[in-house]
Amino acid sequence: MKTTIIALLLFILSLTTAAQKKAEEEAEQSLKRKDVPKNIITAFDKSYPKAKVQGYSKEKDDGKTVYEIESKEEKTVRDVSYYEDGSVVSVEESMTYEELPEAVRGTITKDYPKHKAVICEKVMKGTTTQF
């Protein structure tokens with residue numbers, strides 16, 4: 001009985017350790033510009049020539065390495081995520097409440113009449129855009 005309990009505890013501990021290791025591997029790491037692949041820097045600079053870069057990072061997403069460039073262009077804060085080959089994973093852009101589509105503003109007003117949207121964001125991933 002004692003052996004079974006110890007074996008069970010060791011099994012649970014190994015599962016916890018494996019989950020923690022996976023979380024650490026997928027955690028976001030801050031990078032310097034020189035650590036980001038050149039093709040990603042080139043793709044970003046070509047798409048957003050007026051943006052001022054605020055930072056770079058790298059993380060694992062479903063086992064794939066994803067690089068993120070955080071930037072600001074005038075009042076727009078933008079995070080662009082790229083796969084290692086330079087293809088875009090997603091683009092997140094800040095926006096004002098007034099810039100939201102009318103249908104989105106209408107839904108917010110209807111569903112949350114006593115609340116005010118303070119932070120608004122547009123997320124584009126593939127052919128999908130979410131607000």
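Two residues are in contact when heavy atoms of one and the other lie within 4.5 Å. This notion helps in reading the present structure, which is a predicted model.

Consider S90 to begin with. This residue lies in strand 5, which covers residues 88-95. Setting aside residues up to four places away in sequence, S90 touches D79, V80, S81, M124 and K125. Is S90 buried or exposed? A residue is called buried when its relative accessible area is under 20%. The relative accessibility of S90 is 8%, and therefore S90 counts as buried.

Strand 5 belongs to a wider arrangement. Seven strands form an open sheet in the order 1-2-3-4-5-6-7, and their pairing is antiparallel. Strand 1 (29-31) and strand 7 (128-130) stand at the edges; each has a single partner strand, so one side of each is left without a neighbour in the sheet. From one strand to the next, the twist averages 20°. In general, the strands of a sheet pair through backbone hydrogen bonds, in either a parallel or an antiparallel manner.

One pair within the sheet may serve as an illustration. Strand 3 and strand 4 are paired in the antiparallel sense over eight bridges. Here S71 stands opposite R78, a residue of strand 4.

The edge of the sheet offers another serine for study. S30 lies in strand 1. Residues with over 50% relative accessible area are termed exposed; because the relative accessibility of S30 is 73%, S30 counts as exposed. Apart from its neighbours within four places in sequence, S30 is in contact with Y56 and S57. The C-alpha atoms of S30 and E59 are 9.1 Å apart in space, while the two residues are 29 positions apart in sequence.

Attention may now turn to helix 2, which comprises residues 38-47. Which residues of helix 2 are buried? They are I40, I41 and F44. These residues lie on the same side of helix 2, because they cover an arc of only 100° around the axis. A general property of the α-helix is relevant here: there are 3.6 residues a turn, so residues three or four places apart point the same way. On the other side of helix 2, K38, T42 and K46 are exposed.

It remains to ask where the buried residues of helix 2 pack. They pack against strand 2 (52-61), strand 3 (64-73) and strand 4 (76-83). Strands 2, 3 and 4 take their places in the sheet order 1-2-3-4-5-6-7, and the buried side of helix 2 is thus described by I40, I41 and F44.

Notes. Residues numbered from 1 in each chain as written. Predicted model: local features only at pLDDT ≥ 70, side-chain atom pairs only at ≥ 80, totals over all residues. Heavy atoms only, no water. Helix = DSSP H or I, 4+ residues; strand = E, 2+ residues; numbered from the N terminus. Buried < 20%, exposed > 50% of the residue type's maximum accessible area, 1.4 Å probe, protein only. Arc of directions from axis to C-beta. Pairing = 2+ DSSP bridges. Axes fitted to C-alpha atoms, helices over the stretch in contact; angles between N-to-C directions.
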